[in-house]
Amino acid sequence: NHKKYIGKTSAEVSKRWTEHIKTSLEIGTIKSQNIHKALYGHWDEFTFSVIAVSEKEKISADEKYYIKFFESDIYGYNMKSGG
């Protein structure tokens with residue numbers, strides 16, 4: 001459906017994706033969000049990719065930038081403008 005979800009992580013990328021999958025199954029540690037409802041049962045229909053690597057001090061600002069740039073809080077799965 002071309003909807004996007006922008007999220008930041010300081011963890012290993014594959015671990016973060018695994019946590020999103022687990023949360024969609026209601027066994028994960030991430031607070032449930034719109035993306036998890038969409039993921040449930042449709043994991044193979046999603047593409048998970050890194051769009052930027054940020055310095056630790058800039059990670060929240062960069063997340064906000066990309067959510068605004070892709071308008072993923074309006075036309076995607078982000079529920080907030082990030083940070």
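This passage describes the surroundings of one asparagine, the main nonpolar core and the two leading pockets of a predicted model.

Asn-78 lies in the segment that follows helix 3, the helix spanning residues 59–70. With a relative accessible area of 7%, Asn-78 is classed as buried, because this value falls under the 20% cut-off that defines the class. Two polar contacts of the Asn-78 side chain can be described, the first of them directed to the backbone oxygen of Ile-6 at 2.7 Å, while the other, also of 2.7 Å, links the side chain of Asn-78 to that of Ser-72. When neighbours within four places in sequence are set aside, the residues in contact with Asn-78 are Lys-4, Tyr-5, Ile-6, Ile-67, Ser-72 and Asp-73, so that the partners in both polar contacts, Ile-6 and Ser-72, also appear in this list by the 4.5 Å criterion for contact.

In soluble globular proteins, nonpolar side chains tend to be buried together. In the present model, the largest nonpolar core consists of five residues, namely Ile-21, Ile-35, Ala-38, Leu-39 and Tyr-77. Helix 2, which covers residues 34–39, supplies the largest share of this core, with three residues. For Leu-39, one of the core residues, the contacts beyond four places in sequence are with Trp-17, His-20, Ile-21, Ser-24 and Phe-46, and of these Ile-21 is itself a member of the core.

The largest pocket encloses a volume of about 990 Å³. Its lining comprises 35 residues, and those lying nearest the centre are Tyr-5, Ile-6, Gly-7, Phe-48 and Ser-49. Helix 1 (13–24), helix 2 and helix 3 are the elements that each contribute two or more residues to this lining, with helix 3 giving the most, at five residues. Divided by class, the lining of the largest pocket holds 18 nonpolar, 10 polar and seven charged residues.

The second largest pocket contains about 270 Å³ of space. Among the 14 residues that line the second largest pocket, Tyr-5, Gln-33, Glu-63, Asn-78 and Lys-80 are the closest to its centre. Asn-78, described above as buried, is thus named again in the lining of this pocket, as is Tyr-5, which is in contact with Asn-78 and is also listed among the residues nearest the centre of the largest pocket. The lining of the second largest pocket is made up of four nonpolar, five polar and five charged residues.

Notes. Residues numbered from 1 in each chain as written. Predicted model: local features only at pLDDT ≥ 70, side-chain atom pairs only at ≥ 80, totals over all residues. Heavy atoms only, no water. Helix = DSSP H or I, 4+ residues; strand = E, 2+ residues; numbered from the N terminus. Buried < 20%, exposed > 50% of the residue type's maximum accessible area, 1.4 Å probe, protein only. Polar contact = N/O pair within 3.5 Å; in protein donor to acceptor, adjacent residues only side chain to side chain. Core = buried A, V, L, I, M, F, W, Y, C linked by side-chain atoms within 4.5 Å. 1 Å grid on protein atoms, 1.4 Å probe; cavity = no way out; pocket = protein on both sides within 12 Å on 5 of 7 lines; lining within 4 Å. Points joined across faces, edges and corners; volume = space filled by probe spheres on them. Nonpolar A, V, L, I, M, F, W, Y, C, P; charged D, E, K, R; others polar.
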